[in-house]
Amino acid sequence: YIQLLPPDADTSTLSVLPNSSSLDIAPSSALAPASETDQYRLAIVSRLDVDKLSPHLLYEPLLRLRASYPALHVKIAGSGLAADNVERSLREHGMDEFVELLGWVDDIASVYRWADATYLPSHSETMPYAALESIAAGRPVVLPALGRFAEVDVHEAFVLAFPPGDS
């Protein structure tokens, strides 16, 4: 669950509203830790626009993860004005062998079901919908601590928020 209220807040007049996602994403069964030989599956769900994606949050962390986990496989679901630049940069960084650019995905729930975790390399989103969807799907999410996610109290098994600007 997500709690955006201080612990001493009067909650007697509050109502709980479910996430407004229209996706049919039921939480999957518990994720088993992957062994060194298993494939690690990371999803990125994002609009591919310059004002949203940060190159140092996209390429550098994925290259470091791949060095530590050679079985890493990444799927990027999304489209936008920077899609061609992202595709070219993936090739230039030698990442096209483990990063698959899916483009627009109609059945986005299938991406969350495929993934072990979701990574959001945005430098501008303060309450990303993809993070809420990932949590709803029972998938942990890694993202910069921006806006409301800097304040969100979510069970530590679901969210790892890192300092903005850190890659």
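Here is a short chat about the folding pattern and nonpolar cores of a predicted model.

Student: How many helices and strands are there, and in what order do they run?
Tutor: The chain has four helices and eight strands. From the N terminus, the order is β-β-α-β-α-β-α-β-α-β-β-β.

Student: What makes a residue count as buried here, and what share of the chain does?
Tutor: The cut-off is under 20% relative accessible area. Of the 167 residues in the chain, 38% are buried.

Student: What makes the largest nonpolar core a core?
Tutor: A core needs buried residues of the nonpolar kinds, joined through side-chain atoms within 4.5 Å. This one has 20 residues, and Leu62, Val74, Ile76 and Val99 touch the most other members. Leu, Val and Ile are on the list of kinds that qualify, so those four fit the definition.

Student: Which elements feed that core?
Tutor: β2 (40-45), α1 (55-68), β3 (72-77), α2 (83-92) and β5 (117-119) each give two or more residues. α1 gives the most, with four.

Student: What does Val99 contact, once its neighbours within four places in sequence are set aside?
Tutor: Val99 is in contact with Leu62, Val74, Ile76 and Leu90. Contact means heavy atoms within 4.5 Å, so each of those residues has a heavy atom within that distance of one in Val99.

Student: Which residues are in the other core?
Tutor: That core lies apart from the largest one and has 17 residues, including Val105, Ile135, Ala137 and Leu143.

Student: What share of the contacts between residues at least 6 apart in sequence join residues at least 24 apart?
Tutor: That share is 68% in this chain.

Key
Residues are numbered from 1 along each chain as its sequence is written. This is a predicted model: local features need pLDDT of at least 70, side-chain atom pairs count only at pLDDT 80 or more; totals for chains, interfaces and linings use all residues. Side-chain values use heavy atoms; hydrogens and water are left out. Buried means under 20% relative accessible area, exposed over 50%, partly exposed in between (1.4 Å probe, protein chains only).
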